[in-house]
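Work through the exercises below with the structure open. Each one is followed by a stepwise solution.

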Amino acid sequence: MTLIEAILLTVITASTPLLIAAIGELIAERAGVLNLGVEGMMIMGAAAGIAAAITTGSSAAGVAAAILAGMALAAIFGLLVLGLATNQVAAGLALAIFGLGLSGVLGAPFVGVPRAGIGKIEVPFLSDIPFLGPLLFRQDPFVYASFALVAGVAWFLGRTRAGLVLRACGENAAAAHALGYKVLRIRFLALLFGGACAGLAGAYLSLVLTPFWTSGMTSGRGWIALAIVVFASWMSWRAVAGAYLFGGVTILQLHAQGAGVPIPPQAMAALPYLVTILALVLIMQARGGGSTAPAGLGTPFVPDR
Amino acid sequence: MPGRVRHLSATMPLLEARRVTRRFGALVANDAVDLAVPGGQAHALLGENGAGKSTLVKILYGLLQPDAGEIAWRGAPVPIPDPRAARALGIGMVFQHFSLFEAMTVAENVALALDVPEPLPRVAERLVAVSRAYGLPLEPQREVWRLSVGERQRVEIVRCLMQDPRLIILDEPTSVLTPQEADGLFATLDHLRAEGRAVLYISHKLEEVRRLCEAATILRNGRVVATCDPRVETAASLARMMVGTDVGAARRNATAEAGPVRLSVHALSLPPPEPHGVGLDGASLELRAGEVLGIAGVAGNGQDVLFAALSGEQAAPAADRIILDGAPIGREDITARRRRGAAFVPEERLGHAAVPRFRLSENALLAGHATEGFAPGGLVRRSRTLDFVDRISAAFDVRKGARDPEARALSGGNLQKFVVGREILRQPRLLVVCQPTWGVDAGAARVIRQAILDLARSGAAVLVISQDLDELLEIADRIAVIFHGRLSAPLTAAQATRERIGLLMGGAAMAEAA
């Protein structure tokens, strides 16, 4: 295995959880709900995933538990911001902190318990192709799932009527309501999808990437996922570019440190964040300062019944 | 394709509201309202803002549920739990506000309103066919934000017609149209009626109703006060029924004696505030002491940028683009301009002119902190701001519960009287006011217009930016038209006919007039 191949493989593993979490948040935001609690939902997914996997001995049960945990947190958030029309920013921040705390409690009995990760799927023959084979056809199920999610979401938003209705709720909730759509229900379902994705991304961290539990192991990936949604200007395929840009810079920075590039490691560690900020600024500049955000993003909607 | 609709017998109404009552808290928005619309009739629902028209049509379209009473369709009582049910009956609605999705294409907007899902290409095809049949040309692939207000309304109407409705409800459809666009709408409505469709037409524009409708139901304070045939009534008699008393026009004393030029703007160009917006493109004007200059135009043609440039919310590119009493003020901020005796009333009264959750006295302070001596040495003198509120309330008949309530507690008309009064009481040398009577009841509108006229006659220069052409024709000495950020040369009151201004509002003959 060449060095480049090794680097690319690690880039894929670093980018996958970002992509999964971002695509879920993208759906929630296209429906008009800003859920800043991705970090909290993600780490709850990580904790619930490893707890269930160790307890039952089944990775599938772990993944299912992670998804359910993410959805449960999203449901709490939905009750707050949709049912009670509370401020989405405040509720989202609270959700992130709540998830970090609760996951510490849930994961406490499992700290440092080692566990075999989820194996990779080898596509027969194709995975034997030199260079491309291992990259494209010898990956864990999450990597394939992440691309299936992106393709599915792109198709859903662009081609289906349900996707059109979801976008309508995010653009102008009052108008969607006036046409007779159940805005709050649609937004709630979008939130649940976002929670499921965040939970799944969390499961990737604790079941594949570092197959054991440490508290706070998401280390800010949920926040990066939020930034990727903006970076992608709410388009699903661009989220792939954002996630892989960020994942790539993270890994390059590690390798540069290993190769002894004479830059303080702290500065190197900050590089991905700087690149994200720079990319966001450049995108905004290129667009002339305008916004492509869904017009109704973050605005509570209360039907007057 | 929508087919020809069978005429119903004249005896049974197509749609009937029977004793419909709807409360919001203590407010009774609809109080045992009866309404009957026979098939094929153009029926007007008349009333002032807040009379309960919108509540009633929302109930008819399933957006609200009545607390009491029932809706009958072809004589049989029916529940209308949501708009889908209304559309299934054959009721279509053309909204004026909050109804289109800006970032989506025309076809997508139409597809969203269809109850039986169709693939987008099919929707686009049908849309083109319907729009052609009714003379309402539309491009299905254009995004809505690219469309003019008139085109947006076409989208609304075509969207409604795609469902082949028997009854079409139109909510204040001409409030944002130029007179020529309104004529186009009337022709479409005649076409619809010729097909036997009924039209429920909500408006407070009396001449339109007299021209268009065979019957009218008039609401006041949530109650039906009269039903009549508007064709045999006069505009004055209809207005009396709507308001309950006679409403005169603002009294205009002798025509303006042209004073010296107080405000002049030279070739002012500013970029649009947002990517899809309209900025200013070489706008010039001269405003003399003692006159009222009106700026007419359809919404979204640069009025907001013009106001921001004059008030100082947005600086001009160079100081000498805006000159007040000989001083170049283009780079000065709002406070500096206020100190020079200028006063500004923005369009939006809640959120721009007043902070909703601040008390009136605090809102008075925000506007007058530099000029009224409310806060000598940086400390607020509450007695002075309260006293100012009292003086405004007395002079402009601001009706409120407490002495100093929060701004949001006032009704629209009373808050508007407060924010206009707040500036006029200062006796400014220049007043710039945007949409002074938008969404205000007739009584309050008259007070405000009279105050503007009186201020001008006392020697101030007044600039009124308004989309209400009737208002400008009533109070302005000269009228200029803003279109796509360009200002036309002003017409004098004598030259300013509805038709000439309407043509300018639609962008025609701008070159000829300039």
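**Exercise 1. Describe how helix α3 and helix α9 of chain A pack.**

Solution.
- Locate the pair. Helix α3 of chain A covers residues 59-83, and helix α9 of chain A covers residues 183-209.
- Fit the axes. They come within 7 Å and cross at roughly 140 degrees.
- Assign the hand. The crossing of α3(A) and α9(A) is right-handed.
- Sort the contact residues. The contact of α3(A) with α9(A) involves 18 nonpolar, 6 polar and 1 charged.

**Exercise 2. State how confident the predictor is in each chain, and where confidence is lowest and highest.**

Solution.
- Note the origin. This is a predicted model.
- Take chain A. Its mean pLDDT is 89, with 98% of residues at 70 or more. Among its elements, α3(A) has the highest mean, 96. Helix α5 of chain A (residues 132-137) has the lowest, 76.
- Take chain B. Its mean pLDDT is 87, and 93% of its residues reach 70 or more. Strand β18 of chain B (residues 461-465) is highest at 96, while helix α17 of chain B (residues 510-513) is lowest at a mean of 44.
- Check the weak stretches. Residues 1-9 of chain B have pLDDT below 50, with 19 contacts in the model beyond near neighbours in sequence. Residues 510-514 of chain B stay under 50, with 8 contacts beyond four places in sequence.

**Exercise 3. Compare the UniProt "transmembrane region" annotation of chain A with the modelled secondary structure.**

Solution.
- Read the record. The unreviewed UniProt entry places this feature at several stretches of chain A, including residues 89-111 and 188-210.
- Test residues 89-111 of chain A. They are 83% helix and 0% strand, and the end C-alpha atoms lie 31 Å apart.
- Test residues 188-210 of chain A. They are 96% helix and 0% strand, with the end C-alpha atoms 32 Å apart.

**Exercise 4. Classify Ser393(B) and Arg220(B) as buried, partly exposed or exposed, and list their contacts.**

Solution.
- Place Ser393(B). It sits in helix α12 of chain B, residues 382-396.
- Apply the cut-off. Ser393(B) is buried because its relative accessible area is 12%, and buried means under 20%.
- List contacts. Leaving aside neighbours within four places in sequence, Ser393(B) touches Val398(B) and Lys400(B).
- Place Arg220(B). It belongs to strand β9 of chain B, residues 215-220.
- Classify Arg220(B). Its relative accessibility is 29%, so it counts as partly exposed.
- List contacts. Beyond four places in sequence, the contacts of Arg220(B) include Ala51(B), Val225(B) and Arg240(B).
- Add a long-range pair. Arg220(B) and Asn30(B) are 190 residues apart in sequence, yet their C-alpha atoms are 9.5 Å apart.

Conventions:
Residues numbered from 1 in each chain as written. Chains lettered and ligands numbered in written order. Predicted model: local features only at pLDDT ≥ 70, side-chain atom pairs only at ≥ 80, totals over all residues. Heavy atoms only, no water. Axes fitted to C-alpha atoms, helices over the stretch in contact; angles between N-to-C directions. Helix = DSSP H or I, 4+ residues; strand = E, 2+ residues; numbered from the N terminus. Left-handed = near helix turned anticlockwise from the far one by under 90°. Nonpolar A, V, L, I, M, F, W, Y, C, P; charged D, E, K, R; others polar. pLDDT = per-residue confidence, 0-100. Buried < 20%, exposed > 50% of the residue type's maximum accessible area, 1.4 Å probe, protein only. Contact = heavy atoms within 4.5 Å. UniProt positions renumbered as here; feature names shortened; annotations may be inferred.
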